[in-house]
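Below are some questions on strand pairing, helix packing and the nonpolar core, each followed by a short reasoned answer.

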Amino acid sequence: MLKDAAFLPQARLDGLIVNKVDEETLVYDRKSNRAHCLNPTASLVWRRCDGQTTAEEMAERLQEQLGVPVNEDVVWLAVKQLDRFHLLEPGRQMTFAPSVSRRTLLLKYAPAALALPLIMSITTPTAAQGGSCLPVDAQCAIDDQCCSFNCNTGTCGPPL
């Protein structure tokens with residue numbers, strides 16, 4: 001299959017909490033406890049991954065919306081990143097997508113480098129990790145460290 005005739009894969013929505021903030025999209029993956037921030041390019045591509053839009057169509061839309069020249073290689077780089085962070089439906093083979101590196105595109109499209117897709121990702125603590133506190137008789141420095149919220153002279157005391 002030629003890359004310009006290849007359809008973009010389907011965006012994954014199951015198990016995700018999605019919030020749009022300005023031009024970026026924040027995606028929290030409840031399965032992996034990872035938070036992802038998609039820049040405007042990655043966000044636009046991800047939102048158009050419907051299994052019916054071609055890379056060529058997506059490049060045209062990106063060019064219109066971003067106001068800078070965009071090649072299909074930019075689209076495929078975004079798809080590659082989205083796939084790496086598990087933001088696409090599993091099971092669709094990506095073998096038809098050309099191998100594109102961010103470095104190659106930076107050199108090729110230096111004036112339009114801001115249009116390159118970028119996904120920043122962090123692992124977030126689970127609720128149990130985030131809610132950890134010290135038991136009674138543990139060493140403490142402030143009340144907030146103790147489950148009882150009672151740090152009495154350096155030791156967690158019973159609740160007041």
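A nonpolar core here is a set of buried Ala, Val, Leu, Ile, Met, Phe, Trp, Tyr and Cys residues joined through side-chain atoms within 4.5 Å. The model is predicted.

Q: Which helix gives the most to the largest nonpolar core?
A: The largest nonpolar core has 25 residues, and those with the most contacts inside it are Val45, Trp46, Val75 and Leu82. At least two of its residues come from each of α1 (40-48), α2 (55-66) and α3 (72-84). With six residues, the helix that gives the most to this core is α3.

Q: How are α1 and α3 oriented to each other, roughly parallel or roughly perpendicular?
A: The axes of α1 and α3 are 9 Å apart, and the two helices pack at an angle of about 80°. Angles of 65 to 115 degrees count as roughly perpendicular. The orientation of α1 and α3 is therefore roughly perpendicular.

Q: In the contact of α1 with α3, how many residues are charged?
A: From α1, Thr41, Ala42, Val45 and Trp46 meet Val74, Val75, Ala78, Val79 and Leu82 of α3. The residues of this contact include eight nonpolar and one polar, and the number charged is zero: there are no charged residues.

Q: Which residue in the hairpin of β1 and β2 takes a positive phi?
A: Strands β1 (residues 16-21) and β2 (residues 24-29) run antiparallel and are joined by six bridges. In one of the pairings, Asn19 has Leu26 in β2 as its bridge partner. The hairpin has two residues between the strands, and the residue with a positive phi, near 55°, is Asp22.

Definitions and conventions:
Residues are numbered from 1 along each chain as its sequence is written. This is a predicted model: local features need pLDDT of at least 70, side-chain atom pairs count only at pLDDT 80 or more; totals for chains, interfaces and linings use all residues. Side-chain values use heavy atoms; hydrogens and water are left out. Two strands pair if DSSP finds at least two bridges between them. Helices (H or I, at least four residues) and strands (E, at least two) are DSSP runs, numbered from the N terminus. Buried means under 20% relative accessible area, exposed over 50%, partly exposed in between (1.4 Å probe, protein chains only). Axes are lines fitted to C-alpha atoms, for helices over the stretch in contact, and angles run from 0 to 180 degrees between N-to-C directions. Angles under 35 degrees count as roughly parallel, over 145 as roughly antiparallel, 65 to 115 as roughly perpendicular and the rest as oblique. Contact means heavy atoms within 4.5 Å. Ala, Val, Leu, Ile, Met, Phe, Trp, Tyr, Cys and Pro count as nonpolar, Asp, Glu, Lys and Arg as charged, and the others, Gly among them, as polar.
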